[in-house]
Each structure stands twice: as C-alpha cells, then as structure tokens.
Amino acid sequence: PCLKSNFHRMAEVSPLWARLVQQWDDLYNLMDEEAPNWRAGKGPMTRVYEAIKAIEADVAADKLNS
C-alpha cells in the first residue's frame with residue numbers, strides 16, 4: 001500500500017514494466033483469486049506466473065516487430 005501512490009512510475013523503467021503496470025490490477029485480482037494467502041507467501045501462483053510470462057512474450061514480440 002505504501003508504494004501504490006508511486007507505482008505508476010515503474011512504467012518508466014522498461015517496456016515490460018510499462019505493460020505490467022498497465023495490467024497490474026488484473027494480475028493483482030488474479031493473485032487474490034488464485035492464492036488468497038499470497039501476502040503470507042502461501043499458495044500456488046501458477047496462473048499468475050503464466051500471465052506474467054505471456055506479458056513478457058507479448059513485449060518481446062512487440063520489440064521484434066518494431
């Protein structure tokens with residue numbers, strides 16, 4: 001919560017972070033859905049991992065196509 005007010009600034013770090021920031025609410029909701037106890041370091045994160053890997057692949061593809 002203390003980082004939330006400046007989290008948007010991470011979009012300036014790289015194209016990957018720009019996309020992660022853009023989709024963060026969806027990723028956050030997926031984390032809560034998949035592993036409600038993720039804040040305590042508990043629960044699987046398979047779907048979240050797959051979603052992040054898909055975002056990485058999209059960013060890489062965008063880079064190749066530009």
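## Meeting the chain

The protein chain exposes about 5200 Å², and carbon and sulfur atoms supply 57% of that area. What you are looking at is a predicted model. Along the principal axes, the C-alpha atoms fill a box of roughly 40 × 25 × 15 Å.

Now for the parts. The protein chain has three helices and zero strands, and from the N terminus on its elements run α-α-α. Of its 66 residues, 17% count as buried. If you take the contacts with a separation of 6 or more, residues 24 or more positions apart account for 30% of them.

## How H1 meets H3

Let's begin with helix H1, residues 15–22, and helix H3, residues 46–65. These two helices pack at an angle of about 135°, and their axes are 10 Å apart. Angles over 145 degrees would count as roughly antiparallel, and H1 and H3 are therefore oblique to each other. H1 passes H3 in a right-handed crossing.

Which residues make this meeting? From H1 come Pro15, Leu16, Arg19 and Leu20, while H3 brings Ile52, Ile55, Glu56, Asp58, Val59 and Asp62. Sorted by class, the contact of H1 with H3 has six nonpolar and four charged residues, with no polar ones.

## How H2 meets H3

Next comes helix H2, which covers residues 24–34. H2 and H3 pack at an angle of about 160°, with their axes 8 Å apart. That angle makes H2 roughly antiparallel to H3.

On the H2 side, the contact is made by Leu27, Leu30, Met31, Glu33 and Glu34. On the H3 side, the partners are Thr46, Arg47, Val48, Ala51, Ile52 and Ile55. By class, the contact of H2 with H3 has seven nonpolar, one polar and three charged residues.

Here is a handy idea for reading such lists. An α-helix has 3.6 residues a turn, so residues three or four places apart point the same way. Try it on the H3 side of this contact, where Val48, Ala51, Ile52 and Ile55 are among the residues that take part.

## The buried side of H1

Which residues of H1 are buried? They are Arg19, Leu20 and Val21. The buried residues of H1 pack against H2 and H3.

Leu20 is a good one to follow through the model. Leu20 is one of the H1 residues that meet H3. Leu20 is also in contact with Leu27, and Ile52 touches Leu20 too.

## Two residues to compare: Leu27 and Ile52

Leu27 lies in helix H2. Is Leu27 buried or exposed? Its relative accessible area is 4%, so Leu27 is buried. Leaving aside neighbours within four places in sequence, Leu27 is in contact with Leu20, Ala51, Ile52 and Ile55. Leu27 and Val48 are 21 residues apart in sequence, and their C-alpha atoms are 6.5 Å apart in space.

Ile52 has its place in helix H3. With a relative accessible area of 29%, Ile52 is partly exposed. Not counting residues up to four places away in sequence, Ile52 touches Leu20 and Leu27. Ile52 also appears in the contact of H3 with H1, as well as in the contact with H2. From C-alpha to C-alpha, Ile52 and Glu33 are 15 Å apart, with their positions 19 residues apart in sequence.

## Two more stops: Asn29 and Met10

Asn29 is found in helix H2. Its relative accessible area is 48%, so Asn29 counts as partly exposed. How far apart are the C-alpha atoms of Asn29 and Asp62? They are separated by 25 Å, and the two residues are 33 residues apart along the chain.

Our last stop is Met10, which is found in the segment before H1. Met10 is partly exposed, with a relative accessible area of 28%. Leaving aside neighbours within four places in sequence, Met10 is in contact with Trp17 and Val21. Val21 is one of the buried residues of H1. Met10 and Leu20 are ten residues apart in sequence and 8.8 Å apart in space, C-alpha to C-alpha.

Notes:
Residues numbered from 1 in each chain as written. Predicted model: local features only at pLDDT ≥ 70, side-chain atom pairs only at ≥ 80, totals over all residues. Heavy atoms only, no water. Axes fitted to C-alpha atoms, helices over the stretch in contact; angles between N-to-C directions. Helix = DSSP H or I, 4+ residues; strand = E, 2+ residues; numbered from the N terminus. Parallel < 35°, antiparallel > 145°, perpendicular 65-115°, else oblique. Left-handed = near helix turned anticlockwise from the far one by under 90°. Contact = heavy atoms within 4.5 Å. Nonpolar A, V, L, I, M, F, W, Y, C, P; charged D, E, K, R; others polar. Buried < 20%, exposed > 50% of the residue type's maximum accessible area, 1.4 Å probe, protein only. Areas by Shrake-Rupley, 256 points an atom, 1.4 Å probe, with all protein chains shown as cover.
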